[in-house]
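Trainee: I would like a close look at one part of this model, the empty space enclosed by the protein. Please start there and then work outward to its surroundings.

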Amino acid sequence: MSDPITLNVGGKLYTTSLATLTSFPDSMLGAMFSGKMPTKRDSQGNCFIDRDGKVFRYILNFLRTSHLDLPEDFQEMGLLRREADFYQVQPLIEALQEKEVELSKAEKNAMLNITLKQRVQTVHFTVREAPQIYSLSSSSMEVFNANIFSTSCLFLKLLGSKLFYCSNGNLSSITSHLQDPNHLTLDWVANVEGLPEEEYTKQNLKRLWVVPANKQINSFQVFVEEVLKIALSDGFCIDSSHPHALDFMNNKIIRLIRYR
(Lines give C-alpha, C1' and ligand atoms only; values in the text may rest on other atoms or scores of the structure.)
Protein backbone atom coordinates (compact mmCIF):
# COMPACT_ATOMS: atom_id res chain seq x y z
CA MET A 1 0.00 0.00 0.00
CA SER A 2 1.21 3.51 -0.79
CA ASP A 3 1.91 6.03 1.95
CA PRO A 4 -1.01 8.32 2.93
CA ILE A 5 -1.25 11.68 1.16
CA THR A 6 -2.68 14.73 2.91
CA LEU A 7 -4.48 17.30 0.80
CA ASN A 8 -5.30 20.87 1.76
CA VAL A 9 -8.45 21.72 -0.20
CA GLY A 10 -9.47 25.31 0.45
CA GLY A 11 -8.13 25.08 4.01
CA LYS A 12 -9.76 21.71 4.82
CA LEU A 13 -7.44 18.71 5.23
CA TYR A 14 -8.12 15.27 3.73
CA THR A 15 -5.95 12.17 3.98
CA THR A 16 -6.14 9.52 1.28
CA SER A 17 -3.93 7.33 -0.90
CA LEU A 18 -2.21 7.78 -4.23
CA ALA A 19 -4.24 4.88 -5.62
CA THR A 20 -7.48 6.71 -4.77
CA LEU A 21 -6.34 10.02 -6.29
CA THR A 22 -5.30 8.30 -9.52
CA SER A 23 -8.30 5.95 -9.74
CA PHE A 24 -9.56 7.96 -12.73
CA PRO A 25 -6.37 8.62 -14.75
CA ASP A 26 -8.07 10.98 -17.23
CA SER A 27 -9.24 13.33 -14.47
CA MET A 28 -7.33 16.40 -13.34
CA LEU A 29 -6.54 14.72 -10.03
CA GLY A 30 -5.23 11.70 -11.92
CA ALA A 31 -2.97 13.98 -13.93
CA MET A 32 -1.82 15.92 -10.86
CA PHE A 33 -0.80 12.89 -8.85
CA SER A 34 0.71 10.89 -11.69
CA GLY A 35 3.25 13.64 -12.30
CA LYS A 36 1.67 15.03 -15.48
CA MET A 37 0.72 18.30 -13.80
CA PRO A 38 2.58 20.35 -11.17
CA THR A 39 1.19 20.49 -7.62
CA LYS A 40 1.36 23.29 -5.06
CA ARG A 41 2.27 22.88 -1.40
CA ASP A 42 1.10 24.68 1.71
CA SER A 43 3.38 25.74 4.56
CA GLN A 44 3.11 22.25 6.10
CA GLY A 45 4.13 20.50 2.90
CA ASN A 46 0.60 19.26 2.09
CA CYS A 47 -0.61 19.31 -1.50
CA PHE A 48 -2.75 22.44 -1.85
CA ILE A 49 -5.80 22.83 -4.10
CA ASP A 50 -7.55 26.20 -4.06
CA ARG A 51 -11.13 24.88 -4.34
CA ASP A 52 -14.13 24.38 -2.06
CA GLY A 53 -13.08 22.16 0.81
CA LYS A 54 -16.53 21.24 2.11
CA VAL A 55 -17.90 19.45 -0.95
CA PHE A 56 -14.57 17.80 -1.78
CA ARG A 57 -15.54 15.01 0.63
CA TYR A 58 -18.18 13.81 -1.87
CA ILE A 59 -15.66 13.88 -4.71
CA LEU A 60 -13.10 11.96 -2.65
CA ASN A 61 -15.69 9.36 -1.63
CA PHE A 62 -16.60 8.89 -5.29
CA LEU A 63 -12.91 8.30 -6.11
CA ARG A 64 -12.85 5.62 -3.39
CA THR A 65 -16.09 3.80 -4.25
CA SER A 66 -17.24 4.92 -7.72
CA HIS A 67 -20.64 5.62 -6.13
CA LEU A 68 -22.31 9.00 -5.55
CA ASP A 69 -23.50 9.13 -1.95
CA LEU A 70 -25.27 12.34 -0.91
CA PRO A 71 -27.40 13.08 2.18
CA GLU A 72 -31.15 13.36 1.57
CA ASP A 73 -31.18 17.06 2.44
CA PHE A 74 -28.15 17.95 0.26
CA GLN A 75 -28.57 21.54 -0.94
CA GLU A 76 -25.35 22.26 -2.85
CA MET A 77 -25.84 20.30 -6.06
CA GLY A 78 -24.84 23.25 -8.24
CA LEU A 79 -21.59 23.74 -6.34
CA LEU A 80 -20.77 20.02 -6.43
CA ARG A 81 -21.43 19.94 -10.18
CA ARG A 82 -19.03 22.86 -10.74
CA GLU A 83 -16.36 21.17 -8.62
CA ALA A 84 -16.80 17.90 -10.53
CA ASP A 85 -16.37 19.83 -13.78
CA PHE A 86 -13.18 21.39 -12.41
CA TYR A 87 -11.66 18.05 -11.40
CA GLN A 88 -12.91 16.47 -14.65
CA VAL A 89 -14.01 13.19 -13.09
CA GLN A 90 -16.23 12.16 -15.99
CA PRO A 91 -18.06 9.25 -14.27
CA LEU A 92 -18.91 11.60 -11.38
CA ILE A 93 -20.20 14.23 -13.82
CA GLU A 94 -22.46 11.57 -15.39
CA ALA A 95 -23.65 10.37 -11.97
CA LEU A 96 -24.55 13.95 -11.00
CA GLN A 97 -26.52 14.39 -14.22
CA GLU A 98 -28.49 11.22 -13.44
CA LYS A 99 -29.08 12.43 -9.87
CA GLU A 100 -30.39 15.79 -11.07
CA VAL A 101 -32.82 14.06 -13.45
CA GLU A 102 -34.02 11.91 -10.53
CA LEU A 103 -34.49 14.96 -8.30
CA SER A 104 -36.29 16.83 -11.05
CA LYS A 105 -38.82 14.01 -11.45
CA ALA A 106 -39.35 13.88 -7.68
CA GLU A 107 -39.94 17.64 -7.58
CA LYS A 108 -42.65 17.58 -10.24
CA ASN A 109 -45.32 16.11 -7.97
CA ALA A 110 -45.55 18.11 -4.77
CA MET A 111 -47.73 19.07 -1.84
CA LEU A 112 -47.93 22.41 -0.04
CA ASN A 113 -49.58 22.73 3.36
CA ILE A 114 -49.93 26.02 5.27
CA THR A 115 -51.43 26.38 8.75
CA LEU A 116 -52.26 29.92 9.84
CA LYS A 117 -52.72 31.36 13.32
CA GLN A 118 -53.59 34.89 14.37
CA ARG A 119 -53.87 36.65 17.70
CA VAL A 120 -54.24 40.17 19.04
CA GLN A 121 -51.99 41.45 21.79
CA THR A 122 -51.32 44.81 23.38
CA VAL A 123 -48.05 46.59 22.72
CA HIS A 124 -46.80 49.29 25.09
CA PHE A 125 -44.49 52.05 23.93
CA THR A 126 -43.34 55.57 24.71
CA VAL A 127 -44.14 58.59 22.57
CA ARG A 128 -41.98 61.70 22.54
CA GLU A 129 -44.32 64.69 22.74
CA ALA A 130 -41.65 67.37 23.19
CA PRO A 131 -37.96 67.57 24.13
CA GLN A 132 -37.52 65.72 27.43
CA ILE A 133 -41.27 64.97 27.56
CA TYR A 134 -42.46 61.41 26.97
CA SER A 135 -45.78 59.69 27.52
CA LEU A 136 -46.66 56.01 27.81
CA SER A 137 -49.06 54.68 25.20
CA SER A 138 -50.45 51.33 24.12
CA SER A 139 -52.22 49.88 21.13
CA SER A 140 -53.65 46.62 19.88
CA MET A 141 -51.38 44.65 17.54
CA GLU A 142 -52.23 41.80 15.19
CA VAL A 143 -49.66 38.99 15.32
CA PHE A 144 -49.52 36.39 12.53
CA ASN A 145 -47.98 32.92 12.33
CA ALA A 146 -47.70 30.77 9.22
CA ASN A 147 -46.37 27.22 9.39
CA ILE A 148 -45.44 26.15 5.87
CA PHE A 149 -44.52 22.64 4.74
CA SER A 150 -43.82 21.56 1.17
CA THR A 151 -42.40 18.39 -0.31
CA SER A 152 -40.79 20.65 -2.93
CA CYS A 153 -37.60 22.27 -1.64
CA LEU A 154 -37.41 24.31 -4.82
CA PHE A 155 -40.83 25.86 -4.20
CA LEU A 156 -39.85 26.98 -0.70
CA LYS A 157 -36.76 28.59 -2.21
CA LEU A 158 -39.00 30.33 -4.74
CA LEU A 159 -41.28 31.52 -1.95
CA GLY A 160 -38.24 32.74 -0.05
CA SER A 161 -37.18 34.86 -3.02
CA LYS A 162 -40.54 36.69 -2.94
CA LEU A 163 -41.18 37.25 0.79
CA PHE A 164 -39.02 39.50 2.95
CA TYR A 165 -38.95 40.52 6.59
CA CYS A 166 -38.67 44.21 7.39
CA SER A 167 -36.51 44.58 10.47
CA ASN A 168 -34.20 47.35 11.65
CA GLY A 169 -35.29 49.34 8.63
CA ASN A 170 -33.95 46.70 6.19
CA LEU A 171 -35.50 43.95 4.08
CA SER A 172 -34.09 40.44 4.52
CA SER A 173 -35.12 37.29 2.66
CA ILE A 174 -37.07 34.71 4.65
CA THR A 175 -34.85 31.96 3.21
CA SER A 176 -32.49 32.48 6.15
CA HIS A 177 -35.35 31.34 8.42
CA LEU A 178 -35.80 27.92 6.76
CA GLN A 179 -35.80 25.33 9.54
CA ASP A 180 -35.03 22.59 7.03
CA PRO A 181 -35.38 22.32 3.23
CA ASN A 182 -39.08 21.44 3.51
CA HIS A 183 -40.28 23.53 6.45
CA LEU A 184 -40.65 27.25 7.04
CA THR A 185 -42.21 29.13 9.97
CA LEU A 186 -43.06 32.83 9.63
CA ASP A 187 -43.96 35.23 12.44
CA TRP A 188 -44.78 38.87 11.76
CA VAL A 189 -46.99 41.78 12.81
CA ALA A 190 -49.24 44.22 11.03
CA ASN A 191 -48.62 47.96 11.20
CA VAL A 192 -49.49 49.29 14.64
CA GLU A 193 -51.29 52.62 14.75
CA GLY A 194 -49.21 55.27 16.48
CA LEU A 195 -46.19 53.01 17.01
CA PRO A 196 -42.95 54.91 16.26
CA GLU A 197 -40.67 53.24 13.73
CA GLU A 198 -37.85 52.78 16.23
CA GLU A 199 -40.17 50.78 18.51
CA TYR A 200 -40.46 48.01 15.89
CA THR A 201 -36.70 47.56 16.16
CA LYS A 202 -36.58 47.95 19.94
CA GLN A 203 -39.31 45.34 20.49
CA ASN A 204 -38.07 43.04 17.69
CA LEU A 205 -41.32 43.29 15.74
CA LYS A 206 -40.92 42.07 12.17
CA ARG A 207 -43.20 43.06 9.31
CA LEU A 208 -43.62 41.04 6.12
CA TRP A 209 -43.32 42.31 2.55
CA VAL A 210 -43.78 40.71 -0.84
CA VAL A 211 -41.54 41.71 -3.76
CA PRO A 212 -41.34 42.82 -6.51
CA ALA A 213 -44.82 44.22 -5.77
CA ASN A 214 -43.34 45.98 -2.70
CA LYS A 215 -46.55 45.32 -0.79
CA GLN A 216 -46.69 45.02 2.98
CA ILE A 217 -48.71 42.06 4.28
CA ASN A 218 -51.03 43.37 7.00
CA SER A 219 -53.63 40.59 6.96
CA PHE A 220 -53.97 36.89 6.32
CA GLN A 221 -56.17 37.66 3.32
CA VAL A 222 -53.31 39.49 1.63
CA PHE A 223 -50.85 36.76 2.66
CA VAL A 224 -53.05 34.01 1.20
CA GLU A 225 -53.59 35.97 -2.02
CA GLU A 226 -49.85 36.50 -2.53
CA VAL A 227 -48.88 32.90 -1.68
CA LEU A 228 -51.59 31.59 -4.02
CA LYS A 229 -50.24 33.75 -6.85
CA ILE A 230 -46.76 32.32 -6.35
CA ALA A 231 -47.97 28.72 -5.94
CA LEU A 232 -50.39 28.76 -8.90
CA SER A 233 -47.69 30.20 -11.15
CA ASP A 234 -45.50 27.23 -10.14
CA GLY A 235 -48.12 24.68 -11.16
CA PHE A 236 -49.94 24.09 -7.85
CA CYS A 237 -53.71 23.87 -7.58
CA ILE A 238 -56.08 23.84 -4.62
CA ASP A 239 -56.70 20.40 -3.12
CA SER A 240 -60.50 20.25 -3.15
CA SER A 241 -60.60 17.20 -0.87
CA HIS A 242 -58.69 18.85 1.97
CA PRO A 243 -59.02 20.90 4.09
CA HIS A 244 -62.63 21.60 4.95
CA ALA A 245 -64.03 24.46 2.87
CA LEU A 246 -64.71 26.57 5.97
CA ASP A 247 -61.09 26.24 7.12
CA PHE A 248 -59.91 27.40 3.72
CA MET A 249 -62.34 30.32 3.55
CA ASN A 250 -61.40 31.36 7.08
CA ASN A 251 -57.70 31.30 6.15
CA LYS A 252 -56.86 28.62 8.74
CA ILE A 253 -55.49 25.82 6.56
CA ILE A 254 -54.36 25.93 2.95
CA ARG A 255 -53.41 22.81 1.05
CA LEU A 256 -52.30 22.76 -2.55
CA ILE A 257 -51.03 19.96 -4.75
CA ARG A 258 -49.09 19.73 -8.00
CA TYR A 259 -49.15 16.89 -10.54
CA ARG A 260 -46.97 16.96 -13.63
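Mentor: Happily; the answer below starts with the enclosed space and then moves to other parts of the chain.

This is a predicted model, in which local features need pLDDT of at least 70 and side-chain atom pairs count only at pLDDT 80 or more, while totals for chains, interfaces and linings use all residues. Residues are numbered from 1 along each chain as its sequence is written, and side-chain values use heavy atoms, with hydrogens and water left out.

Let us begin with the cavity. On a 1 Å grid over the protein atoms alone, a cavity is a set of points where a 1.4 Å probe fits but cannot get out. A pocket is an open set with protein on both sides within 12 Å along at least five of seven lines, and lining residues have an atom within 4 Å of a point. Grid points are joined across faces, edges and corners, and a volume is the space filled by probe spheres set on the points. By this rule there is one cavity of 30 Å³ or more, and the largest cavity holds about 40 Å³ of space.

Which residues line the largest cavity? They are Cys166, Ser167, Asn168, Gly169, Glu197, Tyr200, Thr201, Leu205 and Arg207. Two elements give two or more residues to this lining: strand 7 (163–167) and helix 7 (197–202). Here helices (H or I, at least four residues) and strands (E, at least two) are DSSP runs, numbered from the N terminus. Helix 7 supplies the largest share of the lining, three residues. By type, the lining has three nonpolar, four polar and two charged residues. In that sorting, Ala, Val, Leu, Ile, Met, Phe, Trp, Tyr, Cys and Pro count as nonpolar, Asp, Glu, Lys and Arg as charged, and the others, Gly among them, as polar.

Arg207, one of the lining residues, also leads us along the chain, as strand 11 covers 207–210. In the loop between strand 11 and strand 12 (215–216) sits Pro212, joined to Val211 by a cis peptide bond with omega of about 5°. Asn214 lies in that loop between strand 11 and strand 12 too, and its phi is near 55°, a positive value in a residue other than glycine. Why pause at these two? Most residues other than glycine have a negative phi, and most peptide bonds are trans. Asn214 is exposed, with a relative accessible area of 51%; buried means under 20% relative accessible area, exposed over 50%, and partly exposed in between (1.4 Å probe, protein chains only).

On the other side of strand 7 in sequence, look at helix 6 (residues 153–160), where Cys153, Phe155, Leu156, Leu159 and Gly160 are buried. Seen down the axis of helix 6, these buried residues fall within an arc of 160°, so they line one face of the helix; the arc is that of the directions from the helix axis to the C-beta atoms. Ser150 belongs to strand 6 (residues 133–150) and is buried, at 0% relative accessibility. A polar atom of the Ser150 side chain lies 3.1 Å from the backbone nitrogen of Ser152.

Now to the other end of the chain. Met28, Met32, Met37, Pro38, Thr39, Lys40, Phe48, Ile49, Asp50 and Phe86 line the second largest pocket. Helix 2 (28–32) and strand 4 (47–49) are the elements that give two or more residues to its lining. This pocket contains about 160 Å³ of space, and its lining divides into seven nonpolar, one polar and two charged residues.

Finally, helix 3 has Phe56, Tyr58, Ile59, Leu60, Phe62 and Leu63 buried. Just after helix 3, Ser66 takes a positive phi of about 65°, in the loop between helix 3 (56–65) and helix 4 (77–87). Ser66 counts as partly exposed, at 45% relative accessibility. Helix 4 also contains Asp85, which is partly exposed at 36% relative accessibility. Ala95, in helix 5 (residues 90–108), is buried with a relative accessible area of 18%. The C-alpha atoms of Ala95 and His67 are separated by 8.1 Å, although the two are 28 residues apart along the chain.

Key: Polar contact = N/O pair within 3.5 Å; in protein donor to acceptor, adjacent residues only side chain to side chain.
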